[in-house]
Amino acid sequence: MRKRGPGGAKDTVGELVTCPFCMSVRVASALTAGQLLWPRATRTTMGALTALAGADALRLTYSALVDRTTGE
């Protein structure tokens, strides 16, 4: 296999792993397949991910309020 550019295949894999659009397509596909194949486990996983997203939103809101009140 011939390298194309500075990093070659290593850079390409890195792009695919860190690309937010690519990752969102993979996650949506995995959750859709999970709903079809393993509905109970997928619902549990989706509940945990929803709780994590909610906790993250609360943390970001709290941080924004602290920044606003302290003037930093």
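The sulfur of C19 has its closest cysteine sulfur in C22, at 3.0 Å, which is too far for a bond. The relation is mutual: for the sulfur of C22, the closest cysteine sulfur is that of C19, again at 3.0 Å and too far for a bond. A disulfide is a covalent bond between the sulfur atoms of two cysteines. The cut-off applied to such a pair of sulfur atoms is 2.5 Å, and the search of the whole structure therefore returns zero disulfides. These values refer to a predicted model.

The mean pLDDT of the protein is 89, and 89% of the residues reach a score of at least 70. Confidence varies along the chain, with the lowest mean, 84, in α1 and the highest, 96, in α3. Where pLDDT is low, the predicted coordinates should not be read in detail.

The secondary structure consists of three helices and zero strands, in the order α-α-α from the N terminus on. Helix α1 covers residues 9-18 and helix α2 covers residues 20-37, while helix α3 is formed by residues 39-70. Of the 72 residues of the protein, 6% count as buried. The accessible surface amounts to about 6400 Å², and carbon and sulfur atoms account for 67% of this area.

A nonpolar patch of about 320 Å² is present on the surface, made by V13, V17, M23 and V27. Helices α1 and α2 are the elements that each give two or more residues to this patch. One of its members, V27, is situated in helix α2. The relative accessibility of V27 is 40%, so this residue counts as partly exposed; the class lies between the limits of 20% for buried and 50% for exposed residues.

Charged side chains were examined for salt bridges, and the count comes to one. The pair consists of R59 and D56, whose side chains meet at a distance of 3.0 Å, N to O. The limit for this nitrogen to oxygen distance is 4 Å, so the pair qualifies as a salt bridge. Both R59 and D56 belong to helix α3, where a separation of three residues places them about one turn of the helix apart. D56 has a relative accessible area of 37% and is therefore classed as partly exposed.

Helix α3 also contains T42. The relative accessible area of T42 is 7%, and the residue is therefore buried, given that the class requires a value under 20%. When neighbours within four places in sequence are set aside, T42 is in contact with L31, G34 and Q35. In terms of exposure, T42 in helix α3 is buried at 7%, whereas D56 is partly exposed at 37% and V27 is partly exposed at 40%.

Notes. Residues numbered from 1 in each chain as written. Predicted model: local features only at pLDDT ≥ 70, side-chain atom pairs only at ≥ 80, totals over all residues. Heavy atoms only, no water. Patch = residues over 30% accessible without salt bridge, like charges linked within 9 Å, V, L, I, M, F, W, Y side chains within 5 Å. Areas by Shrake-Rupley, 256 points an atom, 1.4 Å probe, with all protein chains shown as cover. Helix = DSSP H or I, 4+ residues; strand = E, 2+ residues; numbered from the N terminus. Buried < 20%, exposed > 50% of the residue type's maximum accessible area, 1.4 Å probe, protein only. Contact = heavy atoms within 4.5 Å. pLDDT = per-residue confidence, 0-100.
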